[in-house]
Amino acid sequence: MLIGILYEGDYDEKPLIAIIVKIIQTDTQFSNVKINFALFPADGSIDGAIKQAVFLFHRIKKCDLCIFASDTDNNIRRARVKASAIKRLVKKFGDKINPNAKNVFAFPKPELEQWFISEENSIKHVLNLPFEKPLPFNELKPKERLKKIIDIYNKDITITPKELYEKIALDLDLSKLTNDKSFKSFFEDLLRKI
């Protein structure tokens, strides 16, 4: 199975791959399927990269499934407008190439890091934080919060923050994470489309 992923930046790549593989493998019929990825980092908002990504995924790579991942923000109205605009662009460009393409959308609210914080135990496990205490720095936005937690509590200087993101993603308890609405929507959509 070849999956194309359009994502915002470097920190998203490995965690998204880990999460996607974990979700797909929850379906027993796909537990032994080899999954490969065609990756397209947008280096910022994915809006301007959609046309190129759709062409790459559908025309050149012939992906079985494509995932378009974009952070939203705390403004619910703007988040809905952004999500619907991304879906419209994918449909507009995708229908010309492959109208039967399977596209899945991930819109973490407000950011991918919120999924890690919503599940929280994987952060505590990877960074050896006490499980009985809440994660610190609740006043910060998810991206800044996770960065600060990693900066302060990462005791292993040989592991980069990007590698920690991947370790946290690999350790996520998906059943707990489905309490996060934006993750649950992505989880269910991905399982429907595989």
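**Reading the backbone, the sheet and the spaces**

Author: Let us start in a loop, for Asn128 lies between α5 and α6 (142-153), where helices (H or I, at least four residues) and strands (E, at least two) are DSSP runs numbered from the N terminus. This is a predicted model, in which local features need pLDDT of at least 70 and side-chain atom pairs count only at pLDDT 80 or more, while totals for chains, interfaces and linings use all residues. Residues are numbered from 1 along each chain as its sequence is written, and side-chain values use heavy atoms, with hydrogens and water left out.

Reader: What is the phi of Asn128, and is the residue buried or exposed?

Author: Accessibility is read by cut-offs: buried means under 20% relative accessible area, exposed over 50%, and partly exposed in between, with a 1.4 Å probe and protein chains only. Asn128 has a phi near 55 degrees, which is positive in a residue other than glycine, and at 68% relative accessibility Asn128 counts as exposed. Glu120, in the loop between α4 and α5 (121-127), also is not a glycine and has a positive phi of about 55 degrees, but at 23% relative accessibility Glu120 counts as partly exposed.

Reader: Which peptide bond is cis?

Author: The bond from Lys109 to Pro110 is cis, with omega near -5 degrees, and Pro110 sits in the loop between β4 and α4 (112-119).

Reader: How should I read the sheet, and what is the order of its strands?

Author: Two strands pair if DSSP finds at least two bridges between them. Here an open sheet of 4 strands runs in the order β2-β1-β3-β4, with parallel pairing. Because β2 and β4 (103-106) stand at the edges, each with a single partner strand, one side of each is left without a neighbour in the sheet. From one strand to the next the twist averages 20 degrees, where axes are lines fitted to C-alpha atoms, for helices over the stretch in contact, and angles run from 0 to 180 degrees between N-to-C directions.

Reader: What are the partners of β1, and how many bridges join them?

Author: Strand β1 (residues 2-7) pairs in the parallel sense with β2 (residues 36-41) over 6 bridges, with Leu2 opposite Asn36 and Leu6 opposite Phe40. On β3 (residues 65-69), which runs parallel to β1, there are 4 bridges to that strand, and Ile5 stands opposite Ile67. Leu2, Gly4 and Leu6 point one way from β1, whereas Ile3, Ile5 and Tyr7 point the other way, and all are buried.

Reader: Which helix lies across β3 and β4?

Author: That is α9 (residues 181-193), which runs at about 170 degrees to β4.

Reader: How do I read empty space, and what is the volume of the largest pocket?

Author: Rolling a probe the size of a water molecule over the atoms shows where empty space is left. On a 1 Å grid over the protein atoms alone, a cavity is a set of points where a 1.4 Å probe fits but cannot get out, and a pocket is an open set with protein on both sides within 12 Å along at least five of seven lines; lining residues have an atom within 4 Å of a point. Grid points are joined across faces, edges and corners, and a volume is the space filled by probe spheres set on the points. The largest pocket has a volume of about 250 Å³ and is lined by 14 residues, of which Ala83, Lys87, Phe107, Lys109 and Ser185 lie nearest its centre. The largest share of that lining, 5 residues, comes from α9.

Notes. Contact = heavy atoms within 4.5 Å.
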